[in-house]
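Biologist: I am new to this structure and would like to go through it with you in questions and answers. Could we begin once the sequence and the model are on the screen?

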Amino acid sequence: MPDSDIIEQIKSGDSAAFRCLFEEYKDRVYNTSLGILQNVSDAEDTVQDVFVEIFNSIGKFRGDSSPGTWIYRITLNKCFEHIRKSKRKKRFGFMESIFGEKSESLNLPDFNHPGVIMENKERSAVLFRAVDKLNDSQKSAFVLSKIEGLSVKEISSIMNLTESSVESLLHRAKNNLKKLLSDYYNSGL
Amino acid sequence: MERQNKIEDEVEKTLESLDGIKRAEANPFLFTRIEARLEKPENNGAHIIRYVLIAAVILVLNVFSILVYRSASVDAGKSGQTETIVQEFNSFEYNTEDILNGYN
């Protein structure tokens, strides 16, 4: 069934259609969130946030972009919202500790993506640490391209940029990663 | 030079470490959690209410300490005033005695 039909069915209150949309997009949303947040628990929370948002705002979806593009946009927004919330929590850490709310770390050290082949696990952990230092737009473009495997055209419609802007973002991201990794190996080797 | 080449080699290998990455699979039970969240109303105001309560407690404590401080100053002022009145009364008593003595 095409995504547009599923969307229409969800709008008319069909809960089975919502389940169908979840099954189709859950891994894409989770994989993107995992690439950006680098934490399984945070990525799972974000998947929930994304689908709750989809359900609540499906009435506003006009179909100007494809449902996939719309869902990726919500995913990126929710990921960066999660990062901002975690930073705020850290700032109010003292208050939180007084009132007994546990503060979770945003990024665990040495994140291992489950989809990376065994022989590359160690190197990819180093790369993920460098990816985490990129700015939001470079990180988004890099994750969508390298981890989600999307084309420049798809990324450009998700990020609402021209294709050349996305290419430029990816180029700058790669240069920054090279610099970060050079510094890392310079201090280690 | 050899060291620099080695570093460049390491950087390239690390950048290629995501080649062939497979998409991570989400926990299928997440849908149950999403359904549960959709069934109960969102509690977004909980954080705001907590911070408002903290601010209110701090404000009440501040007002209380200001009141305690002010009442302590008023008491100190009153006791100072009493002392002055007593002194004045004593000097009046002394003057009265002098006057009486004068008449005698």
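**Charged pairs, helices and surface**

Modeller: In this predicted model, A:Lys78 and A:Glu53 form a salt bridge in which the closest N and O atoms are 3.3 Å apart. A:Lys78 lies in helix H4 (residues 67-91) of chain A and A:Glu53 in helix H3 of chain A, so this pair ties together parts that are 25 residues apart in sequence.

Biologist: Is A:Lys78 buried or exposed?

Modeller: The relative accessible area decides this, and a residue counts as buried when that value is under 20%. For A:Lys78 the relative accessible area is 14%, so this residue is buried. Its partner A:Glu53, with a relative accessible area of 30%, is partly exposed. The answer for A:Lys78 is therefore buried.

Biologist: Which residue of helix H4 of chain A, about one helical turn from A:Lys78, forms a salt bridge with A:Lys78?

Modeller: The two residues are three apart in helix H4 of chain A, and about one helical turn therefore separates them. The closest N and O atoms of this salt bridge are 3.6 Å apart. At 30% relative accessibility the partner counts as partly exposed, and that partner is A:Glu81.

Biologist: Which residues are joined into one network by salt bridges that share partners?

Modeller: One of the contacts to look at is the salt bridge in which the side chains of A:Asp27 and A:Lys26 meet, at 3.5 Å from N to O. A:Asp27 counts as buried at 18% relative accessibility, and A:Lys26 is buried as well, with a relative accessible area of 10%. Through salt bridges with shared partners, the network joins A:Arg19, A:Glu23, A:Lys26 and A:Asp27.

Biologist: How many salt bridges does a search of the whole structure find over all chains?

Modeller: Side chains of opposite charge can pair when their charged atoms come close. The pair of A:Asp27 and A:Lys26 is one such salt bridge, and when the search covers the whole structure, over all chains, the number found is 16.

Biologist: Which residue in the loop between helix H2 (15-37) and helix H3 (40-57) of chain A has a positive phi?

Modeller: Most residues other than glycine have a negative phi. In this loop between H2 and H3 of chain A, a residue other than glycine has a phi near 55°. With a relative accessible area of 4%, this residue is buried, and its name is A:Gln38.

Biologist: What is the relative accessible area of A:Asn160?

Modeller: A:Asn160 is found in the loop between helix H8 (152-159) and H9 of chain A. Although A:Asn160 is not a glycine, its phi is positive, at about 60°. A:Asn160 is exposed, and its relative accessible area is 65%.

Biologist: How far apart in space are A:Asn56 and A:Lys11, C-alpha to C-alpha?

Modeller: A:Asn56 has its place in helix H3 of chain A, and at 52% relative accessibility A:Asn56 counts as exposed. In sequence, A:Asn56 and A:Lys11 are 45 residues apart, while in space the distance from C-alpha to C-alpha is 10.0 Å.

Biologist: Are helix H9 of chain A and helix H1 of chain B parallel, perpendicular or oblique to each other?

Modeller: The axes of helix H9 (residues 163-188) of chain A and helix H1 (residues 2-15) of chain B come within 9 Å and cross at roughly 130°. H9(A) passes H1(B) in a crossing that is right-handed. The orientation of H9(A) and H1(B) is therefore oblique.

Biologist: What pattern does chain B follow when it is read along the sequence?

Modeller: Chain B holds three helices and zero strands. Of its 104 residues, 13% count as buried, and its accessible surface comes to about 8600 Å², with 60% of this belonging to carbon and sulfur atoms. Read along the sequence, the pattern of chain B is α-α-α.

Biologist: Which residues form a nonpolar patch on the surface of chain B?

Modeller: One member of the patch, B:Leu67, is found in helix H3 (residues 45-103) of chain B, and B:Leu67 counts as exposed at 53% relative accessibility. Together the residues of the patch have about 290 Å² of accessible area, and their names are B:Leu59, B:Val63 and B:Leu67.

Technical notes
Residues numbered from 1 in each chain as written. Chains lettered and ligands numbered in written order. Predicted model: local features only at pLDDT ≥ 70, side-chain atom pairs only at ≥ 80, totals over all residues. Heavy atoms only, no water. Patch = residues over 30% accessible without salt bridge, like charges linked within 9 Å, V, L, I, M, F, W, Y side chains within 5 Å. Areas by Shrake-Rupley, 256 points an atom, 1.4 Å probe, with all protein chains shown as cover. Salt bridge = Lys/Arg side-chain N within 4 Å of Asp/Glu carboxyl O. Helix = DSSP H or I, 4+ residues; strand = E, 2+ residues; numbered from the N terminus. Buried < 20%, exposed > 50% of the residue type's maximum accessible area, 1.4 Å probe, protein only. Axes fitted to C-alpha atoms, helices over the stretch in contact; angles between N-to-C directions. Parallel < 35°, antiparallel > 145°, perpendicular 65-115°, else oblique. Left-handed = near helix turned anticlockwise from the far one by under 90°.
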